[in-house]
Amino acid sequence: MANPAISVVIPVYNEEAGLDALFARLYPALDKLGESYEIIFINDGSVDRSAAMLAAQQQARTDVTRVILFNGNFGQHMAIIAGFEHVRGEIIITLDADLQNPPEEIGNLVAKMREGHDYVGSIRRQRQDSFFRTYASRAMNRLRERITNIHMTDQGCMLRAYSRRIVDTISACREVNTFIPALAYTFAQKPAEIVVEHEERAAGESKYSLYKLIRLNFDLVTGFSVVPLQFVSLMGVVLSVLSALFVVYLAVRRIMMGPEAEGLFTLFGIAFFMIGVLLFSIGLLGEYVGRIYQQVRQRPRYLIQAVLDSTETKQ
Ligand code: UDP
Ligand code: MG
């Protein structure tokens, strides 16, 4: 089989309830484009029937379907990287398995890529997530925009198109904790964005708990910026200057007005605030150090159990 024009990479984690609906919309949408394509599903260690359903689908559409089965849950971004390492197409599309990203938008992404862009991001027209998710992520988006050099209107939308060159560069990076849309942006020469529809999750629940979302946002910030560290140093400088002034004030006061013993709770207040700032700063440092540690251990980023592939050019 010659290399396809389009590769679609889809991470799947416990999506049994929605997979049939995804197949029913994804394949017709791609067939309609009239271009050669391949779809790579990565099963990220699902514990439900997802793996079996993907295997059956691979049998049903062997010509265009490949499945990578992970040996555990390594996270959405690692799943996509594994997909990137196996793609053969010229334009690579990522999307979620839960039908929040309509497969019918793939044609628009491809058209934009053909205008000469090497990276096409997307902006969700009307985000269909919970109130908290929508606003919390908008705030994070704004913060990230200020402290990194990455310009994305809507960082959370995974429905994106990448050129083969960018995907190969991402595969060559050995990053353990990463955020693919941001990483791709740093390699893009001519990025663009288009507006896409967004739907409610077709079935099942979000695979991101609040904890996982916080971790993901730390990956995004620590992976692409050291501004938080510099901010902590600056805060240290400002606090030192303030406390130096305070000491001078107390000394002068001691000479002019005599000793003072009041203000004990004010002192506590200030001390507790400082302890909070300190703990936060140590934790922040830890986020960076922990990532360095994971990186230097050089363990495999993910384990592949099997690759289901019946196309001629086996890898
Ligand atoms: N996903 C994954 N591994 C994980 C978590 C999620 O492969 O550990 C997949 C999931 O199956 C879906 C996509 O990543 O295809 C996005 O997940 P989800 O829809 O739960 O995220 P949300 O839309 O709530 O941000
Ligand atoms: Mg989703």
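# A guided tour, starting at M140

Select M140 first: this residue counts as partly exposed because it has 18 C-beta neighbours inside 10 Å. On this tour a residue is buried if 20 or more other C-beta atoms lie within 10 Å of its own, exposed if 12 or fewer, and partly exposed in between, with C-beta atoms placed from the backbone. What you have open is a predicted model, in which local features need pLDDT of at least 70 and side-chain atom pairs count only at pLDDT 80 or more, while totals for chains, interfaces and linings use all residues. Residues are numbered from 1 along each chain as its sequence is written, and chains are lettered from A and ligands numbered from 1 in the order in which they are written.

**Around M140**

Now colour residues 131-147, which form helix α5, the home of M140. Helices here are DSSP runs of H or I with at least four residues, strands are runs of E with at least two, and both are numbered from the N terminus. Next, draw a distance from M140 to G34: the two are 106 residues apart in sequence, and their C-alpha atoms are 39 Å apart in space.

**Zoom out to the whole chain**

Switch to a cartoon view, and you will find 10 helices and 8 strands in the protein. The radius of gyration is 25 Å, well over the 20 Å that the globule rule gives for 315 residues, so the protein is more spread out than a compact globule. That radius is taken over C-alpha atoms, and the rule is 2.2 Å times the number of residues to the power 0.38. Turn the C-alpha trace along its principal axes and it spans about 90 × 40 × 35 Å. Of the 315 residues, 34% count as buried.

Two residues are in contact if their C-beta atoms, placed from the backbone, lie within 7 Å. Among contacts with a separation of 6 or more, 86% are between residues 24 or more positions apart.

**Two domains**

Give domain 1 (6-210 + 300-314) one colour and domain 2 (227-297) another; these bounds come from an automatic or database domain assignment. Taken over C-alpha atoms, the centres of the two domains are separated by 43 Å.

Then select 231-252 and 264-285, which an unreviewed UniProt entry annotates as "transmembrane region". UniProt positions are given in the numbering used here, feature names are shortened, and annotations may be inferred rather than shown by experiment. Residues 231-252 are 100% helix and 0% strand, with end C-alpha atoms 32 Å apart. Residues 264-285 are also 100% helix and 0% strand, and here the end C-alpha atoms lie 31 Å apart.

Another selection to try is 7-169, carrying the annotation "domain: Glycosyltransferase 2-like" in an unreviewed UniProt entry. The chain over 7-169 is 44% helix and 20% strand, and its end C-alpha atoms are 16 Å apart.

**Ligand 1**

Which residues come nearest to ligand 1? Of the 16 around it, pick P11, Y13, A97, S206 and K207; a residue is near a molecule if its C-beta atom, placed from the backbone, lies within 6 Å of it. Show β1 (6-12) and α3 (76-86) as well, since each supplies at least two residues of this shell. By class, the shell has 6 nonpolar, 5 polar and 5 charged residues. Nonpolar here covers Ala, Val, Leu, Ile, Met, Phe, Trp, Tyr, Cys and Pro, charged covers Asp, Glu, Lys and Arg, and the others, Gly among them, are polar.

**Loops worth a click**

Go to D48, in the loop between β2 (37-43) and α2 (50-60). D48 is partly exposed because it has 14 C-beta neighbours inside 10 Å. Leaving aside residues up to four places away in sequence, D48 touches N14 and E16.

Follow that contact to N14, in the loop between β1 and α1 (16-33). N14 is partly exposed, with 19 other C-beta atoms within 10 Å. Most residues other than glycine have a negative phi. N14, although not a glycine, has a positive phi of about 50°.

L99 also has a positive phi, of about 65°, and is not a glycine. Look for L99 in the loop between β4 (91-94) and α4 (106-114). Is L99 buried or exposed? L99 is buried, with 21 other C-beta atoms within 10 Å.

**Last stop: P181**

Finish in helix α7 (residues 180-187), where P181 sits. P181 is buried, with 23 other C-beta atoms within 10 Å. Its contacts, not counting residues up to four places away in sequence, are G121, M152, Q155 and R160. Add Y119 too: P181 and Y119 are 62 residues apart in sequence and 9.3 Å apart in space, C-alpha to C-alpha.
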